[in-house]
Amino acid sequence: MTESVPAGADLPGPTDPAGWLTLPDVAERLDLSISKVHQLIRDRELIAVRRDGVRRVPADLVANRTVLKHLPGVLNLLADAGYDDEAALRWLYEEDPTLPGTPAAALGGDQAREVKRRAQALGF
């Protein structure tokens, strides 16, 4: 299900998602129709970017058969701050020494509210 992006591909930043899922893979993992996955992306509940001409989603954002709880809020805050999908993905996967790893990794743990607070501060 998880696909690797070849080395040298247009990656979002210094730290890249461990794996990628195509939209049909996301639909299968979440037990949704492909049209519902497209709706999640349109509603900024999930982020997808093109890699090698195919829209892909970082696999760790749909862990445990669900979208990370705080991801939609963070994506909306980043969009309000003027971030497009590529910039939002880069921000999510940029190593942050004050967090345990990256904002994306922190979203799955106790630091999720701190990630939301930082995303909100970007708008000011």
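Helices, as the word is used here, are DSSP runs of H or I that span at least four residues, and they are numbered from the N terminus. With that in hand, the architecture of this predicted model can be introduced from one end to the other. The protein has six helices and three strands. Read from the N terminus on, these elements follow the order β-α-α-β-β-α-α-α-α.

A good place to begin is helix α6, which covers residues 112–121 and holds both Glu114 and Arg117. These two residues are three positions apart, about one turn of the helix, and they form a salt bridge whose closest N and O atoms are 2.6 Å apart. Glu114 also meets Arg118 in a salt bridge, here with an N to O distance of 2.7 Å. Glu114 and Arg118 are separated by about one helical turn, because they sit four residues apart in helix α6. The picture widens once Asp96 is included: Asp96, Glu114, Arg117 and Arg118 are linked in a network of salt bridges. As for exposure, Glu114 is partly exposed, with a relative accessible area of 21%, and Arg117 likewise counts as partly exposed, at 45% relative accessibility.

Across the whole structure, the search finds four salt bridges. One of them pairs Glu86 with Arg51, the closest N and O atoms being 2.9 Å apart. Glu86 belongs to helix α4 (residues 85–92) and Arg51 to strand β2 (residues 49–51), so this pair ties together parts that are 35 residues apart in sequence. The surroundings of the two partners can be told apart by their accessibility. Glu86 counts as partly exposed because its relative accessibility is 24%, whereas Arg51, at 2%, counts as buried.

Attention now turns to the interior. Of the 124 residues of the protein, 44% count as buried. In soluble globular proteins, nonpolar side chains tend to be buried together. In this model, the largest nonpolar core has 35 residues, and those with the most contacts inside it are Val26, Leu46, Leu71, Val74, Leu92 and Leu107. Several elements each give two or more residues to this core: β1 (20–22), α1 (23–30), α2 (34–42), α3, α4, α5 (103–107) and α6. Helix α6 thus appears both here and in the account of Glu114 and Arg117.

Leu46 offers a helpful close-up of the core. Leaving aside residues up to four places away in sequence, Leu46 touches Val26, Leu40, Ile41, Val57, Val62, Val67, Leu71 and Leu75. Among these neighbours, Val26 and Leu71 are also listed with the residues that have the most contacts inside the core.

Another buried position is found in a loop. Ala59 lies between β3 (54–58) and α3 (71–80), and Ala59 is buried, with a relative accessible area of 11%. The C-alpha atom of Ala59 is separated by 9.1 Å from that of Thr22, a residue 37 positions away along the chain.

Two totals round off the description. Among contacts with a separation of 6 or more, 57% are accounted for by residues 24 or more positions apart. On the outside, the protein exposes about 6600 Å², and carbon and sulfur atoms supply 47% of that area.

Notes: Residues are numbered from 1 along each chain as its sequence is written. This is a predicted model: local features need pLDDT of at least 70, side-chain atom pairs count only at pLDDT 80 or more; totals for chains, interfaces and linings use all residues. Side-chain values use heavy atoms; hydrogens and water are left out. A salt bridge is a side-chain nitrogen of Lys or Arg within 4 Å of a carboxyl oxygen of Asp or Glu. Buried means under 20% relative accessible area, exposed over 50%, partly exposed in between (1.4 Å probe, protein chains only). A nonpolar core is a set of buried Ala, Val, Leu, Ile, Met, Phe, Trp, Tyr and Cys residues joined through side-chain atoms within 4.5 Å. Contact means heavy atoms within 4.5 Å. Accessible areas come from the Shrake-Rupley method with a 1.4 Å probe; for residues, only the protein chains shown count as cover.
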